[in-house]
Amino acid sequence: MASKSYANILNLDPDKLLDIPQTPRALPRVMTIPGIIDCGGSDKDSDTTSSGCRERKIIVANMLPLHIQRDPDTLKLTFSFDEDSILWQLKDGFSPESEVVYIGSLKVEVDASEQEEVAQKLLDEYKCVPTFLPYDLHKKYYGGFCKHQLWPLFHYMLPMCPDHADRFDRVLWKAYVSANKIFADKVMEVANPEDDYIWVHDYHLMILPTFLRNRCNRVKLGFFLHSPFPSSEIYTTLPVRDEILKGLLNCDLIGFHTFDYARHFLSCCSRMMGLDYESKRGHIGLDYFGRTVYIKILPVGIHMGRLESVLNLPITLRKVKEIAERFKGKKLIVGVDDMDIFKGISLKLLAFEHLLQMHHPAQPHDKLVLIQIVNPPRSAGKDVQEAKTETYLIVNRINEAYGSPDYQPVVLIDRPVARYEKSAYYSMADCCIVNAVRDGMNLVPYKYIICRQHLPHSTDETTPRTSMLVVSEFVGCSPSLSGAIRVNPWDVESVAVAINSAIVMKESEKQLRHAKHYRYVSSHDIAYWARSFMQDLERASKDHYNKRCWGIGFGLGFRVVSLSPGFRKLSRDCIVSAYKRSNRRAIFLDYDGTLVPHSSIVKTPGPELVTVLNTLCDDPKNTVFVISGRGKGSLSEWLAPCERLGVAAEHGYFIRWNRSSDWQPGVAPMELEWKEIAEPVMELYREATDGSTIETKETGLVWHHQDADPDFGSCQAKELVVHLENVLANEPAIVRRGRHIVEVKPQGVSKGLVAEKVLSTMIEKGEAPDFVTCIGDDRSDEDMFESITNTASSAEIFACTVGRKPSKARYYLDDTVDVVKLLAGLANASDPKPSSNRARFQVTFDAGF
């Protein structure tokens, strides 16, 4: 049932949220007087509205882009921007007039007595708003649910046993919900949601959009996932899969690094929620309760200026010279990875060991050196320690077997490494290898390419540059680096061969590959990424004020229904009133999905529906028709109890005005030889698609895939449409795709023509209707909606579709239950013939209808 959206609706979540401390003080730019936005307390006229403020982008992430230290003398916290943070760098993609505000947590715990002062300082000097999550909540939210449940699952690691990964913990999930709600409170303190653009980042805040959409139905909201999104087989194992998926669908725009990640998300939406997507003019969109949720596919880039500035530092040049002297005459291979189980460090080392074995002893192997820089782990755990132990064991084994007093094959740098030092190693490396078994993006190859282009020790800018990349196919940056050698990190021998190919490749080919990569990386930097995402967010949210919106649902099931201004739910009182005023009526009804649910196995109408239809038909003022794509045999059997009901079968190819009359052709007889061409093609797809069936009608064929795998059935349907259109190109037949069906029928046959014929017959008899109702749920019913508008323009028309979706109808009803209830209301207002002896009745509907 639809309900209005209230600010506290999510407090009704059946899972009680953890106790959340109140914010110590209100922050600037909040609504103090209805319609008046306070923009930082500056003096303004009393009638100044939010439109007078600068356009604002609110960036929401788990952590603020800040470095934090405590002054040893004053014990006060000192702050500075983290210029290496993506969140800080992305502002370069916005116009100088835009104001950027950051909302997130701090990397240190702040005492409650300091929070107000710190919050004010960060807002005034850094445009940052801290969330101040309590320590215990942050530990359960970030260290618990995010890092030990979401992160492993999104990297395809299932908790098959307690030692393999952490099992789902409801307490940690409640902490995740509570933390997201605190973030929502902070956003709403700062934002003017109908003017500002809000951009939420990463898996830490996947249900935040639900809280924000609940506070303001028209909030302009984007989300970007920086991690992989797993396949539906993996994602559906998550106990809270629905809540997270619905949270993301409350956004206007959802961004992913690769099409694979987006494809997995769309597959989950299709399998779990029955949502289909379509691409229009290059943009992928999902229709979700009348709102279009757009999907953005664009990998993040790097900050060119930041990297080039580091390369120009004197300390970088000194480090480059040091590396050149230390490894003179050697071929350097560089790898930079976090210490975790998904970065594939041990597999990389095994591949390098195999490469040395390939070269030994027939070829000299002391020319190759692998520089492996290990970043500190982002979380602690048994798996991290095991990965570290294995790494050291393999490194020691390689160096002992192939090393010498003046040669160390693997140089393992396991300490915090400054940016200038990494840049120096990038600059000097002949090859860079990223061998992760699963990684959301990984910008190491991009940084390597830029460092190779701007060599600090080179004075000749005209010399062609070279670089070589060996990249795992399971890394997000792989699709954008078409010149890289892509590898399966699990195939150690193939990785070794790839490294060798990269080293011995001709210089001319290295130059071409490098030039191709540099053009892409330099043109698709982080400013381009941020600007492109924000432009799409503006486009995705531009129609907010062109539709009527209201919130429905409770807790994390909250969503917004968005409808065109002229499209509204058909009121029973309204149509019954018009029905009573009228003297001659025409009622057209679809069958499947309108009178009987698509999901129903039993297609025979129930006794309640039969009674309603008979009562409507018995009123002498009414002409009632069921118009269906079903065959006349099925409809004759199912609707046999309805004596005076008109029926049109096979989209109107056959018509009868009542049960006692004969079936008549609705159109001139047609040649149907094309069925012999189409049927073998459909049979091929039926055999190849488990769960699909073929319905054979006198004038057409229908391939049903409702019981097939949703993704495979949809894919096969698209292929079948193309196949049939090709083989029937010169035949008098049309191919139509509907809800879980592909149908072939004669040309010139449609439900719209049936409605037009019935109305024209009534007009010719001098019984022109002054009341016309037409209800249907499928694309084929759109012809009826258009036809009755053109044919009975003087009548009061109620064209109604079933379900909230784009339609030529002005009205909608939610489902078949609503349709039958509406018809029952009309039946109760009818005046049946005295001979029928049918008494007035009250139709009741139980929950299992």
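1. In this predicted model, the axes of helix α11 (residues 345-359) and helix α15 (residues 492-504) come within 8 Å and cross at roughly 65°. Angles of 65 to 115 degrees count as roughly perpendicular, and α11 and α15 are therefore described as roughly perpendicular to each other. The crossing of these two helices, α11 and α15, is right-handed. On the α11 side the contact is made by Leu347, Leu350, Ala351, His354, Leu355, Met358 and His359, while α15 contributes Val492, Glu493, Val495, Ala496, Val497, Ile499 and Asn500.

2. When reading such lists of contacts, it helps to recall that an α-helix has 3.6 residues a turn, so residues three or four places apart point the same way.

3. A second helix pair deserves a separate look, namely helix α7 (residues 241-249) and helix α8 (residues 259-273), whose axes come within 11 Å and cross at roughly 120°. That angle makes α7 oblique to α8, and the crossing of α7 and α8 is left-handed. The residues of α7 that make the contact are Arg241, Asp242, Leu245, Lys246, Leu248 and Leu249, and those of α8 are Phe265, Cys268, Cys269, Met272 and Met273.

4. Helix α19 covers residues 607-618, that is, 12 residues, and from its first C-alpha to its last it reaches 16 Å, which is close to the 16 Å expected at 1.5 Å a residue.

5. How enclosed is α19 by the rest of the structure? Nine of its 12 residues are buried, so α19 is largely enclosed. The buried residues of α19 are Leu609, Val610, Val612, Leu613, Asn614, Thr615, Leu616, Cys617 and Asp618, a list that includes Asn614 and Asp618 as well as Leu609 and Val610.

6. As to what surrounds this helix, the buried residues of α19 pack against two helices, α18 (572-581) and α25 (816-828), and against two strands, β23 (585-589) and β24 (622-627).

7. For the chain as a whole, there are 25 helices and 34 strands, and 55% of the 849 residues count as buried. Among the contacts in the chain with a separation of 6 or more, 71% are accounted for by residues 24 or more positions apart. The accessible surface of the chain comes to about 37,000 Å², and carbon and sulfur atoms make up 50% of that surface.

Key. Residues are numbered from 1 along each chain as its sequence is written. This is a predicted model: local features need pLDDT of at least 70, side-chain atom pairs count only at pLDDT 80 or more; totals for chains, interfaces and linings use all residues. Side-chain values use heavy atoms; hydrogens and water are left out. Helices (H or I, at least four residues) and strands (E, at least two) are DSSP runs, numbered from the N terminus. The expected span of a helix is 1.5 Å times one less than its number of residues. Buried means under 20% relative accessible area, exposed over 50%, partly exposed in between (1.4 Å probe, protein chains only). Contact means heavy atoms within 4.5 Å. Accessible areas come from the Shrake-Rupley method with a 1.4 Å probe; for residues, only the protein chains shown count as cover. Axes are lines fitted to C-alpha atoms, for helices over the stretch in contact, and angles run from 0 to 180 degrees between N-to-C directions. Angles under 35 degrees count as roughly parallel, over 145 as roughly antiparallel, 65 to 115 as roughly perpendicular and the rest as oblique. A crossing is left-handed if the near helix is turned anticlockwise from the far one by less than a right angle, and right-handed if clockwise.
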